[in-house]
Amino acid sequence: MLDFDDAQTRLANGAPLPTTATDMPLREAMGLVLARDLTATLDLPPADNSAMDGYALRHADYREGARLPIDQIVYAGHTPQALQPGHASRLFTGSIMPAGADTVVMQEDTREADGHVEITRAPRQGQHVRRRGEDTATGTPLLAAGTRIGPAQIALLASQGIVRVSVHPAVRVGILTTGDELVAPGEPRADHQIYNSNGAMLAALVENMGGRATHVLHAADEEASLKDAFQTLTRECDLVISIGGVSVGDKDLVKPVLESLGATLDLWRVRMKPGKPVAMAHVGGTPVVCLPGNPVSAFAVFAVLVSPLLRRMQGRRELFPQVSMLTLRTEDPRQDSREEFLRVRRIVNAGGVGELQAFDKQGSGVVSSLPWATGLARIPAGVPVYDGEKVAYYDFSHWLS
């Protein structure tokens with residue numbers, strides 16, 4: 001069996017970086033990855049403006065108890081006249097600063113009457129003024145190639161007036177589930193059968209990361225059925241993920257079928273729990289990752305082993321999200337000959353400190369643990385871990401996005 005870290009590295013490098021890019025409208029680029037660096041072409045804000053509703057003045061004109069005449073009202077979107085010496089201008093959040101003004105006094109620190117304003121609290125010079133270019137300045141980097149586009153990135157690019165971006169195409173992922181015991185949700189089910197949750201689960205995981213689940217197929221535990229499905233998927237997809245049939249049972253036919261298609265397994269079996277029967281191969285240049293059949297095992301392996309590979313194929317800059325060290329709360333000591341990935345929930349204790357609560361049933365078939373968990377806690381192989389010890393935490397919000 002391959003050590004987990006070695007398997008993770010080999011999987012992450014199991015496909016080439018993307019070489020193509022396409023130009024598309026910004027609003028359609030959500031979830032895709034930038035193909036080139038972007039630089040600011042505008043100063044934002046484009047001019048000094050007010051951060052508050054209040055009054056603009058020259059700081060040198062302030063005197064305690066003085067009442068300054070109001071020379072103009074400046075609304076956001078309007079062009080002001082220059083500030084007259086010894087005067088104040090009424091303005092609002094976003095209003096352009098009049099020439100000559102250097103300070104804003106928020107209206108809560110003033111009294112206005114008879115066309116004059118009295119400053120009731122001594123201002124600091126330059127307060128409440130947003131300076132030109134303080135957000136982004138022309139020529140400074142905006143976003144680097146390899147950045148996944150989300151709502152925040154769209155906001156930044158739209159603020160620069162950008163309407164089209166160059167992105168890598170979405171990775172086309174083919175999903176293949178196996179097992180004669182599986183039936184599609186909604187179909188009649190006998191007592192010896194279970195509903196196929198793996199196909200829908202893997203498709204959702206892929207699309208949540210910005211991939212495209214272009215095919216979700218199911219094959220019977222027969223070589224002909226498996227071979228036909230793999231040929232379709234490797235021909236029409238950039239990445240293929242199969243679930244089940246990769247262990248050593250009589251019906252585990254995925255390995256010999258892949259070999260019949262000319263594939264050589266790059267790795268097979270990983271020293272981790274859940275998820276030992278993991279394999280990777282290439283068929284005609286298309287990477288094929290084979291996951292264990294239990295839904296929890298497939299979910300965990302996708303999170304920590306497959307997601308870095310998908311990020312690489314998308315062209316992302318960072319393949320491996322952050323891993324935190326948090327205190328584990330568990331009733332029983334945890335120890336196994338393989339590295340164990342516990343389903344855990346991050347909680348905040350009475351002292352305001354984050355801790356990890358382990359799910360009470362860690363079997364690889366306990367699907368109810370997945371919506372409960374916020375991530376996985378990594379327990380080192382062969383080392384007992386007791387309640388209160390710190391362990392590595394793989395947060396789903398990072399590893400599955």
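A residue counts as buried under 20% relative accessible area, as exposed over 50%, and as partly exposed in between. With that scale in hand, the predicted model can be read through its charged pairs. Lys273 comes out at 30% relative accessible area, so it is partly exposed. Its salt-bridge partner is Asp336, with 3.3 Å between the closest N and O atoms. Lys273 sits in strand 20, while Asp336 belongs to the loop between strand 23 (324-329) and strand 24 (339-348), so this pair ties together parts 63 residues apart in sequence. Asp336 itself is buried, at 18%.

The total is 14 salt bridges. Among them is the pairing of Asp3 with Arg271, whose side chains meet at 2.4 Å, N to O. Asp3 lies in the segment before helix 1 (4-12) and Arg271 in the loop between strand 19 (267-268) and strand 20 (272-273), so here the tie is between parts 268 residues apart in sequence. Asp3 is partly exposed at 40% relative accessibility, and Arg271 is partly exposed too, at 27%.

Another of these pairs joins Asp5 to Arg378, with the closest N and O atoms 3.1 Å apart. Asp5 is in helix 1 and Arg378 in strand 26 (residues 375-379), which makes this a link between distant parts of the chain, 373 residues apart. The two ends of the bridge sit in unlike surroundings: Asp5 is partly exposed at 40%, whereas Arg378 has 15% relative accessibility and counts as buried. As for the general idea behind such pairs, side chains of opposite charge can pair when their charged atoms come close.

Turning to the overall layout, the domain assignment splits the chain into domain 1 (4-20 + 169-314), domain 2 (31-42 + 137-168), domain 3 (49-130) and domain 4 (324-400). Domain 2 and domain 3 have C-alpha centres 36 Å apart.

Where does the largest nonpolar core lie? This core has 50 residues, and those with the most contacts inside it are Leu202, Leu239, Ile241, Phe302, Val304 and Leu305. Helix 6 (residues 295-314) gives the most to it, with 13 residues. Domain 1 and domain 4 both give residues to this core, so it lies between them. Ile241 offers a closer look at the packing: leaving aside neighbours within four places in sequence, Ile241 is in contact with Val173, Gly174, Ile175, Leu176, Leu202, Val206, Val289, Leu291, Phe302 and Val306. There is also a second, separate core of 20 residues, which includes Ala219, Leu226, Leu258 and Val288.

Leu226 leads on to helix 4, where it is one of the buried residues, together with Ala229, Phe230, Thr232, Leu233 and Thr234. The cover over these buried residues includes strand 14, strand 17 (212-219), strand 18 (239-243), helix 5 (254-260), strand 21 (279-283) and strand 22 (286-291). Helix 4 (residues 223-236) also has the length one would hope for: at 1.5 Å a residue, its 14 residues should span 20 Å, and its end C-alpha atoms are indeed 20 Å apart.

Strand 14 (residues 172-178), part of that cover, contains Thr178. Is Thr178 buried or exposed? With 7% relative accessibility, Thr178 counts as buried. Its side chain still finds polar company, reaching the backbone oxygen of Ile243 at 3.0 Å. A polar atom of the same Thr178 side chain lies 3.4 Å from the backbone oxygen of Gly244. Not counting residues up to four places away in sequence, Thr178 touches His218, Ala219, Asp221, Leu226, Ile243, Gly244 and Gly245. Two of these names are already familiar, since Ala219 and Leu226 are both included in the second core.

Finally, there is Ala29, in the loop between strand 1 (22-25) and strand 2 (33-34). Despite the loop setting, Ala29 is buried, with a relative accessible area of 0%. Beyond its neighbours within four places in sequence, Ala29 is in contact with Met24, Ile149, Val165 and Val167. The C-alpha atoms of Ala29 and Arg164 are separated by 8.7 Å, although the two residues are 135 places apart along the chain.

Key. Residues are numbered from 1 along each chain as its sequence is written. This is a predicted model: local features need pLDDT of at least 70, side-chain atom pairs count only at pLDDT 80 or more; totals for chains, interfaces and linings use all residues. Side-chain values use heavy atoms; hydrogens and water are left out. Helices (H or I, at least four residues) and strands (E, at least two) are DSSP runs, numbered from the N terminus. Buried means under 20% relative accessible area, exposed over 50%, partly exposed in between (1.4 Å probe, protein chains only). A polar contact is a pair of N or O atoms within 3.5 Å; within protein, one must be able to donate a hydrogen and the other to accept it, and residues adjacent in sequence count only if both atoms are side-chain atoms. Contact means heavy atoms within 4.5 Å. The expected span of a helix is 1.5 Å times one less than its number of residues. A salt bridge is a side-chain nitrogen of Lys or Arg within 4 Å of a carboxyl oxygen of Asp or Glu. A nonpolar core is a set of buried Ala, Val, Leu, Ile, Met, Phe, Trp, Tyr and Cys residues joined through side-chain atoms within 4.5 Å. Domain bounds come from an automatic or database domain assignment.
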